[in-house]
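Me: Please take a close look at one part of this model, the open sheet, and describe how it is put together and what lies across it.

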Amino acid sequence: MSIPPLRQRSAWKSLETHHVEVGSRHLRDLFAEDPTRGERMHVEAEGIYLDYSKNRLTDETLRLLLELAEESGVARRRDQMMAGEHINVSEDRAVLHVALRMPKDAQLIVDGRDVIPEVHAELEHMSRFATQIRSGEWKGYRGKPIRNVVNVGIGGSDLGPVMAYEALRHYCQRDLTFRFVSNVDASDLVEAISDLDADETLFIISSKTFTTIETLTNARSARAWLVEQIGTEEAIARHFVAVSTNHEAVAAFGIDTANMFSFWDWVGGRYSMDSAIGLSTMIALGPTYFAELLAGFHAMDEHFRLAPFERNLPVLMGMIAVWNRNFLGCASVGVMPYEQYLKRLPAYLQQLTMESNGKHVTIDGDHVDYQTGPLYWGEPGTNGQHSFYQLLHQGTSVVPVDLIGFAKSLNPLTDHHDILSSNVFAQAEALAFGKTDDQVRAEGTPEHVIAHRVMEGNRPTNVLLAEVLTPRLLGSLIALYEHSVFTQGVVWGIDSFDQWGVELGKVLATRIIPELDTNFEPELTHDSSTNALIRHYRTLKRKED
């Protein structure tokens, strides 16, 4: 079935007309006209309650948005993804992170092979190894149990594991220390290992291709440190394991391939935290909690697959995001978790959303004539309220915000959690309704100060509320965002599963690396700015301390 270009779809045209009628309406008026709005405009699934009533839309807006989702083929594309069809067109690959969390008795045929037995065989491999580390059965080269785990990766090989570890730290084995190294800046590695005992340290080298320059540079330096500390190359076999798809490169590095954990080319990096890339997560949590994390992912997968669009959390969030981006002109989205354990969630979502939907051509290679993925950013509440919320309330750019809260704290302490949670609801209310000049004046504010204290309001928010942060809940929350991103990408007609935009800079950097060596004078053939910067760098590098 051929789908017309986005601007030619009937629902899109209807939304353009509709936007003229409602685009400038204020949330104050929408709530005044419908006192039950906040009670109606919510949906709940898999422990997540989504209140979307404080978005600048009406029932008609929502109807047209869901019509656009239908017309864009979201359901068909979803089913193709979950059936293992090659929907990553530029790389001719299936997109099957959903297979990573399917139960053992499921079946999914990809390119003529059932992948579920392979997935669960790898999970069992991870489980055995994690149990050995956690129990102290696995010993280092000189007989000491492993007490420190250092995950070395970058992108999805780092952001997923570190986010999950921080998010679920409450459930982790506390006599184990976990560190995460991603930046090729030597300071990252040095600070991560400077206080560790090499005899008690395990390095997990996580790289899909085992060719990523940042990860391999850090891995070689870690290997050199370990060999220097212990005194023999033979120690590598007891202190290094790999997560990769490249057996040959892993063996060449010196890691026993029996200690290699595999995944598949149909797992994209930013969708890989529940594959073997999550080995550090499983060691920290243990196999039981890791299974609960996977169950949460799968539950949201099934909700996305089966729920009607009007009650479908990922579809609703995705289509509201399309409305905010394409019709209200919102260029960025703030993600504000009111849960300190989720402090790395915004960084994780930055890769998930912007690497997926930061595209300027359609699946067919045609340039888009509309906006695609917005910028994602954020900080935990209440920290952000004392840094950038000023702009959210009174700045000239409208930034939709996802506020994520929990009814219970994992660390109950006097009234801390009620104070924290009150800010979730207060910020959503303040962003929506603001404060008028009459309200400011009624407070006795001097006339010359009134304009400074007015809050325009009409700033959209989603409030996501859950009971308590658990491994299962985290899985469902991440899957919610995964499928929301997918929904947006389908509507925009782009390939959400490639990332060619990260390649050019890497290629140029590889070319520049030898030109920074001060032992010879290279011929520079870049543009005049790049040439001048390289020469100045070399001059500074030669300066004596």
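Reply: What follows goes through the sheet, then the helix that lies across part of it.

This is a predicted model, in which local features need pLDDT of at least 70 and side-chain atom pairs count only at pLDDT 80 or more, while totals for chains, interfaces and linings use all residues. Residues are numbered from 1 along each chain as its sequence is written, and side-chain values use heavy atoms, with hydrogens and water left out.

The open sheet has six strands in the order β1-β2-β13-β12-β10-β11, and its pairing is mixed. Strands here are DSSP runs of E of at least two residues, helices are runs of H or I of at least four residues, and both are numbered from the N terminus. Two strands pair if DSSP finds at least two bridges between them. The edges are taken by β1 (42-45) and β11 (375-377); each has a single partner strand, so one side of each is left without a neighbour in the sheet. On average, neighbouring strands of this sheet are turned by 15° against each other, direction ignored.

At the β11 edge, three bridges join this strand to β10 (residues 332-337), and the two run parallel. Ser332 stands opposite Leu375 in β11.

Helix α15 (residues 345-357) lies across β10, β11 and β12 (401-406). Contact means heavy atoms within 4.5 Å. The helix runs at about 165° to β11; axes are lines fitted to C-alpha atoms, for helices over the stretch in contact, and angles run from 0 to 180 degrees between N-to-C directions.
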